[in-house]
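This briefing is meant for a reader who is meeting the structure for the first time. Please keep the sequence and the 3D view at hand while reading the points that follow.

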Amino acid sequence: MHHPDPHSYYDSSQPKARRLRLKLGVDFAAKRLEGEVVLEFGGEVKGALDLDTKGLDIRGVQVPGHGPVPWELGEPDTILGSRLRIDAPEGTREIAITYATSPEAMALQWLDPEQTEGKVAPYLFSQCQQIHARTMVPCQDTPVVRVAYHAEVTVPEGLTAVMSAGPAGDEATRDGRHVFRFLMPQNIPPYLLALAVGRLESRDLSPRARVWAEPETVEAAAWEFAGVEDMILKAEALFGPYPWDRYDMLVLPPSFPYGGMENPRMTFLTPTLLAGDRSLVDVVAHELAHSWTGNLVTNASMEHFWLNEGFTVWAERRILRILHGDDAAALGWAMGQKALEDSLDRFKNEPHLTVLRLHLEGIDPDDAFSSIPYEKGARLVAALEREVGEDKFLRFIRDYIDAFRFTSITTEQFCAFVEAKLPGALAAVNARAYLDQPGMPATAPTFRSAQLDALTALANSWVDGGRPSARQIATWKASELQVFLQKLPRQLTREDCAWLDEHFQLMGRGNYEILVDWLTLAATADYEPAFPRLREVLLRVGRMKYLRPLYGALGQHPRTRALAREIFAAASPGYHGLSRRVVQSVLEAYPA
Ligand SMILES: [Zn+2]
């Protein structure tokens, strides 16, 4: 018996599923998916087969052509869920499981009509990363078991289903519902299974790119992301032809807990990216870059998550540099540095979570989630790039993607490949310090530009009365203002806050990165005029990246702590389960 992934019951001595055939009905009243999955195996399954499940109601297991077969559900583990052990008779090549999901399934958020833009129809979306596919489908829920899939999803009439797959037809059913079919012909790790159902419309952005959203936001989304084809072309110039046929995007309701999720053929995005000025499309560059790093070459388990995210952050800034120049990339690295420092601070008493090569036995990967695999990982990739030179490194990246396409790999496999292709480079950049030692190596690359230096100097002069000039106030781009706000002293006075708001009109910003950085400063300063806007943002948006600093900043003063608890009580039912957990952990850390 061998379990290569500490977050899965998958036993590598047993055959791997190669394809899933899903047939699911979406029941909004019961908040359940109900139906069947057929797992197809490459070879014969004989004897015990172990699958991951969490909260699933397993109703029966059959082997087609044979009939019902024995199965048992193990004791539930808080992190892993329950092992489903099936006793497969000789000659088994397919296993059919009928089941229903739980209304509490972590992968699925069921929204009432009031939680959507249109407020007329319910909405469902999935989020299977890190290890939540098992709350939606019984499967070998580890990235090393890559599966193609076919799905039939039946939804109430008037609603549309989309998945991380190509559409394969739809029609009305005889009982007045509507069935949508999907085909994902390529192998993906189970965490990239994705489904959303709602009142959806789409707009074409190019022959291969389309954006989906509720009718109320679809025009704004089409405008905001109009440049996506250009981004795809730039990414292809770096990493080779786009491997997934279509690049479609779905703009979700505001409770979506992440900025984006790189579901193949259907990137999921938070509506907080709709800034109205195209200033936040770097998240799209990031999700797009995952088409190569993450979706094509995938981490073997969450212990190697940096292979997905470190490469993708590096790739995202490489794309930004081509699109918008060196200064824009330097500002991107500076914002990343801030996120990195915040995460290192959060884990100052858990240094084992600040290494890249993680050891997560007994640890929930959602609790280990931070900016560290993203930003520390990207700095290791950038260090290697600087060591060998840009051209040589780009050739290496293309070789790397070619060598491991459609596979899921470990840090050790990555290191062996680097050693073979770029001998000595790992030692030259002291890769071990990134991979296995806490914190940041002193030799980590830094990213500077004259513009960034000037912004830093101006922010540092704040306590001595330094202020942006009228010209700067009028001409700064969103990213410049954001970096300036991030570089300001964390503890401002109420007068400082009033000055900033008056000159930059911060309260009314549509760019959530700026708005949240501002509200974090204002909350830390106990600046009462910001409270109504804070409440509004926290009641509307469930993106964890924003909830953590805002609730954290509210912990500084008795009055703001009371405000935070009051807002959370009202907002919590609308938050995704993942977001709720993050806020609870922040509130628990408040002083008594
Ligand atoms: Zn990512």
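**A mixed sheet and its helix**

In this predicted model, Gly260 stands opposite Leu269, a residue of strand 18. The points below place that pair in its sheet, then turn to a second sheet, and end with one charged residue.

**The sheet of 5 strands**

- Strand 17 and strand 18, the latter spanning residues 266–269, run antiparallel and are joined by 2 bridges.
- Both belong to an open sheet of 5 strands, whose order is 14-15-16-18-17 and whose pairing is mixed.
- The edges of this sheet are formed by strand 14 (201–206) and strand 17 (260–261), each of which pairs on one side only.
- Helix 2, made of residues 228–239, packs on the sheet and touches strand 14, strand 15 (209–213) and strand 16 (247–251), while the direction of helix 2 makes about 135° with that of strand 16.
- At the other edge, strand 14 pairs with strand 15 in the antiparallel sense over 5 bridges, and a hairpin of 2 residues joins strand 14 to strand 15.
- Within this pairing, Ser202 stands opposite Trp212, which lies in strand 15.
- As general background, the strands of a sheet pair through backbone hydrogen bonds, in either a parallel or an antiparallel manner.

**The sheet of 4 strands**

- A further open sheet has 4 strands in the order 7-8-13-10, and the pairing here is antiparallel.
- Strand 7 (108–111) and strand 10 (160–163) are the edge strands of this sheet, each pairing on one side only.
- If direction is ignored, neighbouring strands of this sheet are turned by 15° against each other on average.
- Strand 10 runs antiparallel to strand 13 (residues 195–198), and 4 bridges join the two.
- One of the residue pairs to look for is Val162 with Ala196, the latter being the bridge partner of Val162 in strand 13.

**A buried charged residue**

- Glu303 is found in the loop that lies between strand 19 (297–299) and helix 4 (305–324).
- Although Glu303 is buried, it has no salt bridge, and the nearest side chain of opposite charge, that of Arg357, is 9.0 Å away.
- Leaving aside residues up to four places away in sequence, Glu303 touches Pro6 as well as Leu356, Arg357, Leu358, His359, Leu360 and Glu361.
- Arg357 therefore appears twice for Glu303, as a residue it touches and as the owner of the nearest oppositely charged side chain, with a salt bridge requiring a side-chain nitrogen within 4 Å of a carboxyl oxygen.

How values were computed
Residues are numbered from 1 along each chain as its sequence is written. This is a predicted model: local features need pLDDT of at least 70, side-chain atom pairs count only at pLDDT 80 or more; totals for chains, interfaces and linings use all residues. Side-chain values use heavy atoms; hydrogens and water are left out. Buried means under 20% relative accessible area, exposed over 50%, partly exposed in between (1.4 Å probe, protein chains only). Lys and Arg count as positive and Asp and Glu as negative; His and the chain ends are not counted. Contact means heavy atoms within 4.5 Å. Two strands pair if DSSP finds at least two bridges between them. Axes are lines fitted to C-alpha atoms, for helices over the stretch in contact, and angles run from 0 to 180 degrees between N-to-C directions.
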